[in-house]
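Notebook open, coffee poured. I'm going through this one piece by piece and jotting down what I look up.

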Amino acid sequence: MIACTEFIAAYSELFKFLEKKGGKKAVADFWNYLSDLYLKASLKKLVKLHGIRGCWLYWAKALNEEAADFTMELDDKAGIFKINMHYCPSKGRLLHWRHLKPYAGYCLHCDVLYRRILEPLGYCYAADFSQTDKARCSVVITRNGPGRVRLKRSSAKNR
Amino acid sequence: MTRKAADNKYLHKDFHCALNLGLEYVRKHFGDDAVRDYLRQYARSFHAPLIRALRRRGLVALKEYFRNIYAEEGAPVRINCSRDELRLETDYSPAVRHIRQKGFAVSPLHGATEFAVHAAICEDTPFAFELARYDRKIGRSVQRFYRRAP
């Protein structure tokens, strides 16, 4: 059995394996496939049912189960949800396992998986991945609509 | 909401579902052998410290490892370990159970997370691996690690 506590290593190795097999496109195709199937009954369902509060409900469960070090903020009225990840448990583990070399674009999977769910539902997803070498990142999700400011797309630096 | 890592136990069982989808993706796009190749790559890379411990300390290293991961998953396991053989018996796989509970179809190659990974751990060690019994439906298994004949 691969324990769920070992999954992050298996995930990173899977990205490396796919890239060797079919290049970056194979990795991107897999992330799209995973987003469609894995997040359909969770994030997608919650956001459809509860609007931006669905983001809060989804990440409150996921990040607590992952024992993340984070701050989450929700402004339901303004349609803004923020995650400030002080120490990502996934990237943190990959940095901690010194015998493993993480997949170079590891953190990008979050961007692809979540953006693919949220943008078609009318939300803007913006992330700052500039400090992933310290297992830190931040995400801002805003509800689109008249008078709302669109945030810049994710920073691609230092993923 | 602010949380520190120490506020919670690290146990996100939905990761079992994500891995299962990963196995299915590889199987459908690259074939059954690719799933085994991927799991071998994972095992040789991630379990390098465990492989070293197996060479140095023998089967007791595996016994400690399995006790630990099954305890973390909250699943029962029976382990009998001697100098020459380790026998591991489970009533179900917590991974398979969780995947089913979440309504996903279990990959027909999910069992490879046992046999392909464990066989790869034994490569270049004095030990070999045998999956003596495996029930695909619930992941119940009997597994043997044993000293190779000289």
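Started at the end of a helix: right after helix 3 of chain A, Ala67(A) has a positive phi of about 50°. This is a predicted model, so I'm reading that angle as a computed value.

Then I went back over the helix itself. Helix 3 of chain A covers residues 53–65, which makes 13 residues. From first C-alpha to last it reaches 19 Å, close to the 18 Å expected at 1.5 Å a residue.

Next I looked up which of its residues are buried. The list is Gly54(A), Cys55(A), Trp56(A), Tyr58(A), Trp59(A), Ala60(A), Ala62(A), Leu63(A) and Asn64(A). As a reminder to myself, an α-helix has 3.6 residues a turn, so residues three or four places apart point the same way.

What do those buried residues of helix 3 pack against? Within chain A, I noted helix 2 (40–50), strand 1 (69–75), strand 2 (80–87), helix 5 and strand 4 (137–143). Chain B is in on it too, through its strand 1 (2–3).

Helix 5 turned up there, so I picked a residue from it. His109(A) sits in helix 5, residues 108–118 of chain A. Buried or exposed, His109(A)? Its relative accessibility is 7%, so His109(A) counts as buried, the cut-off being under 20%. Skipping residues up to four places away in sequence, His109(A) touches Tyr11(A), Phe15(A) and Trp31(A).

Did the matching check on a serine. Ser90(A) belongs to helix 4 of chain A, residues 89–96. With 8% relative accessibility, Ser90(A) also goes down as buried. Leaving out neighbours within four places in sequence, I find Ser90(A) in contact with Ile8(A), Glu66(A) and Tyr106(A).

Over to chain B for an exposed case. Lys28(B) lies in helix 1, residues 14–30 of chain B. Its relative accessible area is 54%, and exposed means over 50%, so Lys28(B) makes the cut. I also pulled one distance: the C-alpha atoms of Lys28(B) and Leu50(B) are 31 Å apart, with their positions 22 residues apart along the chain.

Zoomed out to whole chains after that. Chain A has 5 helices and 4 strands, and along the sequence they run α-α-α-β-β-α-α-β-β. For its 159 residues, a compact globule would have a radius of gyration near 15 Å, and chain A's 16 Å agrees. Its C-alpha atoms fill a box of roughly 50 × 30 × 30 Å along the principal axes. Of those 159 residues, 53% count as buried. Among contacts with a separation of 6 or more in chain A, 57% join residues 24 or more positions apart.

Chain B has 6 helices and 5 strands, in the order β-α-α-α-α-β-β-α-α-β-β. Its radius of gyration is 16 Å, close to the 15 Å from the globule rule for 150 residues, so chain B is as compact as a globular protein of that length. The C-alpha trace of chain B spans about 55 × 40 × 30 Å along its principal axes, and 50% of its residues count as buried.

Last entries, surface and charge. Chain A exposes about 7400 Å², with carbon and sulfur supplying 54%; chain B exposes about 7000 Å², with 47% from those atoms. I get 28 positive and 15 negative side chains in chain A, the two centres lying 4 Å apart. For chain B the tally is 28 positive and 18 negative, with centres 3 Å apart.

Definitions and conventions: Residues numbered from 1 in each chain as written. Chains lettered and ligands numbered in written order. Predicted model: local features only at pLDDT ≥ 70, side-chain atom pairs only at ≥ 80, totals over all residues. Heavy atoms only, no water. Helix = DSSP H or I, 4+ residues; strand = E, 2+ residues; numbered from the N terminus. Rg over C-alpha atoms; globule rule 2.2 N^0.38 Å. Buried < 20%, exposed > 50% of the residue type's maximum accessible area, 1.4 Å probe, protein only. Areas by Shrake-Rupley, 256 points an atom, 1.4 Å probe, with all protein chains shown as cover. Lys, Arg positive; Asp, Glu negative; His and termini not counted. Charge placed at Lys NZ, Arg CZ, Asp CG, Glu CD. Contact = heavy atoms within 4.5 Å. Expected span 1.5 Å × (residues − 1).
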